[in-house]
Amino acid sequence: MHPIELKVNGIRIRRDVDDNLRLIDLLRDDLRLTGTKEGCSVGECGACTVMLDGKAVCSCLLLAAQCHGAEVTTIEALHHDPVGKRLQNAFVRHGGVQCGFCTPGVLMSTKALLEVNPAPDDDALKEGLEGNLCRCTGYQPIITSIKAVLKGEA
């Protein structure tokens, strides 16, 4: 067991965790933050994307103990963030969300991208989302949703 302390969505968390507990399991099972989805379990699909110290990461690839001292932001926090809220609304309005399984990861990747590049061009958008797989939208509604936010339409 490892004692860890981290901030999750602005709340300081202290836990004793098993050596093999992944961050996604801490979030979903212990903290009941179930918006983060587990898809492939090997970091290929992006469904489990969260922000760790402001950077998009696959929570299925990180051990909880590796996150000691870090700040984790999950999809649940976006509702309280002005840009996050506009992104969520635009995804609904422009069809960027369909089945919804990939959407939390896509939104977290987008939020992380906009933190470092508030005005990404098409290439930067595609690069920022390249780790997120979606089988429903064909990606264009996702890009359209993000562009609506960038244009101030959401």
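**Notes on the predicted model: salt bridges, a negative patch and two unusual phi angles**

1. Let us start in helix H4, where Glu115 and Lys111 join their side chains in a salt bridge with an N to O distance of 2.4 Å. The term salt bridge is used here for a side-chain nitrogen of Lys or Arg within 4 Å of a carboxyl oxygen of Asp or Glu. The two residues are four apart in helix H4, which puts about one helical turn between them. Glu115 is partly exposed at 47% relative accessibility, whereas Lys111 is buried at 8%. Buried stands for under 20% relative accessible area, exposed for over 50%, and partly exposed for values in between (1.4 Å probe, protein chains only). Lys111 also has a distant sequence partner to look at: Asp81 is 30 residues away in sequence, with 9.9 Å from C-alpha to C-alpha.

2. A word on the ground rules. This is a predicted model, in which local features need pLDDT of at least 70 and side-chain atom pairs count only at pLDDT 80 or more, while totals for chains, interfaces and linings use all residues. Residues are numbered from 1 along each chain as its sequence is written, and side-chain values use heavy atoms, with hydrogens and water left out.

3. Now the overall picture. The protein contains six helices and five strands, and along the sequence they run β-β-α-β-β-β-α-α-α-α-α. The radius of gyration is 15 Å, close to the 15 Å from the globule rule for 154 residues, so the protein is as compact as a globular protein of that length. For that comparison, the radius is taken over C-alpha atoms and the rule is 2.2 Å times the number of residues to the power 0.38. The C-alpha trace spans about 45 × 30 × 25 Å along its principal axes, and buried residues account for 44% of the 154 residues. Helices (H or I, at least four residues) and strands (E, at least two) are DSSP runs, numbered from the N terminus.

4. The salt-bridge count comes to eight. One of them pairs Asp30 with Arg15, with 2.6 Å between the closest N and O atoms. Asp30 sits in helix H1 (residues 23–30) and Arg15 in strand E2 (residues 11–17), so this pair ties together parts that are 15 residues apart in sequence. Both ends are partly exposed: Asp30 has a relative accessible area of 36%, and Arg15 has 29%.

5. Which parts does the salt bridge between Asp122 and Lys147 tie together? The N to O distance in this bridge is 2.7 Å. Asp122 belongs to helix H5 and Lys147 to helix H6 (residues 140–150), so the bridge links parts 25 residues apart in sequence. Asp122 is partly exposed, with 38% relative accessible area, and Lys147 is partly exposed too, with 26%. Elsewhere, Glu5, Arg12 and Arg14 are joined into one network by salt bridges that share partners.

6. I would also point you to the negative surface patch made by Asp121, Asp123, Glu127 and Glu130. Patch residues have over 30% relative accessible area and no salt bridge; like charges are joined within 9 Å, and nonpolar side chains (Val, Leu, Ile, Met, Phe, Trp, Tyr) within 5 Å. Asp121 is located in the loop between helix H4 (103–116) and helix H5 (122–129), and its 47% relative accessibility makes it partly exposed. Glu130 is in the loop between H5 and H6 and is exposed at 63% relative accessibility. Glu130 and Glu44 are 86 residues apart along the chain, and their C-alpha atoms are separated by 9.9 Å.

7. Finally, two backbone angles deserve a look. Most residues other than glycine have a negative phi. Asn9 has a positive phi of about 50 degrees although it is not a glycine. Asn9 lies in the loop between strand E1 (2–8) and E2, where it is partly exposed at 24% relative accessibility. Arg32 is another non-glycine residue with a positive phi, in this case about 60 degrees. Arg32 lies in the loop between H1 and strand E3 (49–52) and is exposed, with a relative accessible area of 61%.

Methods:
Areas by Shrake-Rupley, 256 points an atom, 1.4 Å probe, with all protein chains shown as cover. Lys, Arg positive; Asp, Glu negative; His and termini not counted. Charge placed at Lys NZ, Arg CZ, Asp CG, Glu CD.
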